[in-house]
Amino acid sequence: MTRALVRRPGPRLPEGLLTHLERSPVDVDLALRQWEGYVAALRAEGWDTVEVPAADDCPDAVFVEDTVVVYGDLAVISRPGADARRAETAATEAVLRDLGFRIARIEAPGTLDGGDVLKHGGTVWVGLGGRTDRDGADQLAAHLAPMGATVVPVPVTKVLHLKTAVTALPDGTVVGHEPLVDDPATWERFLPVPEESGAHVVLLGGDAVLMAADAPLSRALFEERGLRVVAVDISEFEKLEGCVTCLSVRLR
Ligand code: CIR
């Protein structure tokens, strides 16, 4: 069964944290419609969505990806690098426990955001930057080693999270917008994309990928490679440094 965690945005969404962007007005109603469109796109592609109960006091709770790293039947609950986001993890943990996942946790003083964790084929790249530190990465490595995964720490200095800079296509090719990638040579197969949000893909299964609607040139590149692209408008979340990847956690 393919399921995905999602978390409904709350009324305080416009107060979400900003690191690299200037604040611009966020339309909460539009954001909710865009979130519903995102969820509908996942469901249309065969994903059962499971809602983590909304956390209306946590402006960034919609970015549910940051609260956990799921690897097989193990859920490693994160310890977000931003104090303001620490309260988000408890509900994610409760939902995953109910779904039958084994639970591990990143413990203080280490920090790790799920957005810094890129998995492909047994390799787990962890971005060390503003949100995730070496201790958090080491703890994740210890949790995942028994499962045969290799953690590779990489620097993140130009964007919020590793997956703001790069994600992986179904064949493992890593895509990134070069001005925002610390070291494209980290990856054997690296495909530069012309738009910042072209670097963010969610693998839907088979050759299908979900991406933001504002990266038509990158979309064309992916389609030339035989991928089927589902595009959604997430402008209100992009104003808060969010992207398609942050809005769900796929469970397999
Ligand atoms: C934050 O600064 O934490 C939120 N405004 C955005 C989080 C985006 N999450 C992600 O890239 N995984």
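Which residues lie nearest the centre of the largest pocket? They are V70, K119, K163, R250 and R252. The model is a predicted one. This report starts with its pockets, then turns to annotated sites and one helix.

## Pockets

The largest pocket has a volume of about 640 Å³. Its lining is made of 28 residues. Several strands contribute. β3, β6, β9 (166-168), β12 (202-205) and β15 (249-251) each give at least two residues to that lining. By type, the lining holds 13 nonpolar, 10 polar and five charged residues.

The second largest pocket has a volume of about 260 Å³. It is lined by 15 residues, and L21, T164, E196, E238 and E241 are the closest to its centre. Here the lining divides into five nonpolar, five polar and five charged residues.

L21 deserves a closer look. It sits in the loop between β1 (3-6) and α1 (28-44). Is L21 buried or exposed? It counts as partly exposed, because its relative accessibility is 42%. Leaving aside neighbours within four places in sequence, L21 is in contact with E238, K239 and E241. L21 and E238 are 217 residues apart along the chain, yet their C-alpha atoms are separated by 9.6 Å.

## Active site annotation

An unreviewed UniProt entry places the feature "active site" at H161 and C246. The two are spread over 86 residues of sequence but cluster in space, with a largest C-alpha distance of 9.9 Å. Both H161 and C246 belong to the lining of the largest cavity.

H161 is found in the loop between β8 and α4 (162-165). H161 counts as buried because its relative accessibility is 3%, and the cut-off for buried is under 20%. Not counting residues up to four places away in sequence, H161 touches D66, D113, G115, D116, R131 and V156.

C246 is placed in the loop between α6 (235-238) and β15. Its relative accessible area is 5%, so C246 is buried. Which residues does C246 contact, leaving aside its neighbours within four places in sequence? They are V62, F63, V64 and E65.

## Binding site annotation

The UniProt annotation "binding site", also from an unreviewed entry, covers L18, D60, E65, D66, R85, R131 and L240. From this set, the lining of the largest cavity takes in D60, D66, R85, R131 and L240.

E65 lies in the loop between β2 (48-51) and β3. With neighbours within four places in sequence left aside, E65 is in contact with G114, G115, K163, T245, C246, S248 and V249. One of these contacts, C246, carries the "active site" annotation.

L240 has its place in the loop between α6 and β15. Leaving aside neighbours within four places in sequence, L240 is in contact with L13, P14, G16, L17, L18, R23, V26 and F63. Among them is L18, which the "binding site" annotation also covers.

The table sets out the accessibility of selected residues.

| Residue | Relative accessibility | Class |
|---|---|---|
| H161 | 3% | buried |
| C246 | 5% | buried |
| E65 | 5% | buried |
| L240 | 4% | buried |
| T92 | 0% | buried |
| L21 | 42% | partly exposed |

## Helices α2 and α3

T92 lies in helix α2 (residues 89-98). T92 is buried because its relative accessible area is 0%. Its contacts, leaving aside neighbours within four places in sequence, are L5, R7, V52, V64, T67 and V68. V64 appears again among the contacts of C246.

Helix α3 spans residues 134-144. Which of its residues are buried? They are G136, A137, Q139, L140 and L144. These residues cover an arc of only 160° around the axis, so they lie on the same side of α3. An α-helix has 3.6 residues a turn, so residues three or four places apart point the same way.

What do the buried residues of α3 pack against? Their partners are β3 (68-71), β4 (74-77), β5 (102-105), β6 (117-120), β7 (123-128) and β8 (150-155). Two of these strands, β3 and β6, each also supply at least two residues to the lining of the largest pocket.

Key:
Residues are numbered from 1 along each chain as its sequence is written. This is a predicted model: local features need pLDDT of at least 70, side-chain atom pairs count only at pLDDT 80 or more; totals for chains, interfaces and linings use all residues. Side-chain values use heavy atoms; hydrogens and water are left out. Buried means under 20% relative accessible area, exposed over 50%, partly exposed in between (1.4 Å probe, protein chains only). Helices (H or I, at least four residues) and strands (E, at least two) are DSSP runs, numbered from the N terminus. The arc is that of the directions from the helix axis to the C-beta atoms. Contact means heavy atoms within 4.5 Å. On a 1 Å grid over the protein atoms alone, a cavity is a set of points where a 1.4 Å probe fits but cannot get out, and a pocket is an open set with protein on both sides within 12 Å along at least five of seven lines; lining residues have an atom within 4 Å of a point. Grid points are joined across faces, edges and corners, and a volume is the space filled by probe spheres set on the points. Ala, Val, Leu, Ile, Met, Phe, Trp, Tyr, Cys and Pro count as nonpolar, Asp, Glu, Lys and Arg as charged, and the others, Gly among them, as polar. UniProt positions are given in the numbering used here, feature names are shortened, and annotations may be inferred rather than shown by experiment.
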